[in-house]
Amino acid sequence: MTRKILLFAHTGRPEATAAATQACDRLLAAGLTPVMGRGDLETIFGAPHCPGIEVIHESVALNDVELGVVLGGDGSILRAAEMMRHTDIPLIGVNLGHVGFLAESERTDLDETVDHIVNRTYTVEERMAIDVQVWSERRVLHHDWALNEASVEKGNREKMVEVVIEVDGRPLSSFGCDGVVMATPTGSTAYAFSGGGPVVWPEVAAMLLVPLSAHALFSRPLVAAPASTMAVELLPTNGHYGVLWCDGRRSADLPPGARIEVRRSGKPVRLARIHPAPFSERLVKKFQLPTRGWRGPVVEGEPAPAPEPGKENRSA
């Protein structure tokens, strides 16, 4: 049986259509079978069938897929992770968006990425996900999960939402705010980052709680243990509704008095890697951080390296 590679494409972007065609051609030439969803196939190729390309859930079962390749930005990767949630199939992203923190490579590296897939020269890392439960009147109203974050937000843009935040069954503070973000290390560079939260290396086992525009003296971002349970309760006294968003994709209404609990999920998200560069290098590249003047680690007993002519630093 040939190896089957599932392609996800952001079909609303012309560059994604071109990238999907390019990836299919290269996979077929290497003897692998590209697999696509029915909608993506018809949108990209303009026909219900295309020679050599199979259709997921029709001619190919999801469990027969080796790897998922996402052609798009972080939103496309989150969408693919949602579709693959109940499998162990890893995902690899080719960035066609802006920052693309979850993506492993850029559009210009597509051929190289496909070659790594063909030659199986990739590794797989596991990223923490979170489970989310919404309680109201002692019963579960909603159950969800997230790779980046679960955010509790105000339902009325003109009114703050009044909340109590809690960690490990103990209240910490109550205040009015625009919302509260509960994030994974992966999500520390997403919504939590915009809210002033810390950047956390993906290898760190932790969870974040970041208040958004809180009207309070104590509203610092918090970093909790991976075994902790974080919770946000909407105070019932002001009668305001809230909204829960998971990864900015799935929402649920929150009645006054609702309680939102977040724990580490027992099932991580698997991401394929082909570049072993440290996270610090990715951080500099994605945010275009200045590193002028950097000279590198000191090795005792060795002379300091002379700067290269015309260069003021040695950063990547």
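1. Let me start at an outlying spot: E137 is exposed, with a relative accessible area of 74%. This is a predicted model, and E137 sits in the loop that joins β8 (130-136) to β9 (139-146). The backbone deserves a look here, since phi of E137 is near 55°, a positive value in a residue other than glycine. As background, most residues other than glycine have a negative phi.

2. D247 makes a good companion to that first point. D247 also has a positive phi, about 55°, although it is not a glycine. The loop that holds D247 runs between β17 (242-246) and β18 (250-254). Is D247 buried or exposed? D247 is buried, because its relative accessible area is 6% and the cut-off for buried is under 20%. E137, by contrast, is exposed.

3. Now for the chain as a whole. Its secondary structure comes to 6 helices and 20 strands. The C-alpha trace spans about 65 × 65 × 35 Å along its principal axes. Of the 316 residues in the chain, 47% are buried. If you take the contacts between residues at least 6 apart in sequence, 64% of them join residues at least 24 apart.

4. The domain assignment gives domain 1 (4-127) and domain 2 (130-264). What takes part in the contact between them? Domain 1 contributes 9 residues and domain 2 contributes 10 residues. The C-alpha centres of domain 1 and domain 2 lie 32 Å apart.

5. Next, the annotated residue. UniProt lists D74 for "active site", and the entry is an unreviewed one. In the model D74 lies in helix α3, which covers residues 74-83. D74 has a relative accessible area of 23%, so it counts as partly exposed. Which residues does D74 contact, once neighbours within four places in sequence are left aside? They are G100, F101, L102 and A103.

6. D74 turns up again in the largest pocket, which has a volume of about 310 Å³. Its lining takes in 16 residues, and the closest to the pocket centre are D74, G75, L78, N148 and A190. Helix α3 gives the most to this lining, with 3 residues. By class, the lining of the largest pocket has 7 nonpolar, 5 polar and 4 charged residues.

7. Why does the largest pocket lie between the two domains? Domain 1 (4-127) and domain 2 (130-264) both give residues to its lining, so the pocket lies between them. When you inspect this pocket, the annotation on D74 is worth keeping in view, with the reminder that it comes from an unreviewed UniProt entry.

8. The second largest pocket holds about 270 Å³ of space. It is lined by 15 residues, and nearest its centre are E104, H275, E281, R282 and K285. Both β6 (105-106) and α6 (279-287) supply at least two residues of this lining. The largest share, 5 residues, comes from α6. The class division here is 5 nonpolar, 2 polar and 8 charged.

9. How many cavities of 30 Å³ or more does the structure hold? There are 3 of them. The largest cavity contains about 90 Å³ of space. Its lining is made up of A81, M84, R85, T87, I89, L91, K267, P268, V269 and R270. These residues of the largest cavity divide into 6 nonpolar, 1 polar and 3 charged.

10. One last residue, I56, is found in the loop between β3 (54-55) and β4 (67-72). Although I56 is in a loop, its relative accessibility of 11% makes it count as buried. Leaving out residues up to four places away in sequence, I56 touches L6, V35, M36, G37, A61, L62 and V65. For a sense of scale, I56 and V114 are 58 residues apart in sequence, and their C-alpha atoms are 20 Å apart in space.

Conventions
Residues numbered from 1 in each chain as written. Predicted model: local features only at pLDDT ≥ 70, side-chain atom pairs only at ≥ 80, totals over all residues. Heavy atoms only, no water. UniProt positions renumbered as here; feature names shortened; annotations may be inferred. Helix = DSSP H or I, 4+ residues; strand = E, 2+ residues; numbered from the N terminus. Buried < 20%, exposed > 50% of the residue type's maximum accessible area, 1.4 Å probe, protein only. Contact = heavy atoms within 4.5 Å. 1 Å grid on protein atoms, 1.4 Å probe; cavity = no way out; pocket = protein on both sides within 12 Å on 5 of 7 lines; lining within 4 Å. Points joined across faces, edges and corners; volume = space filled by probe spheres on them. Nonpolar A, V, L, I, M, F, W, Y, C, P; charged D, E, K, R; others polar. Domains from an automatic or database assignment.
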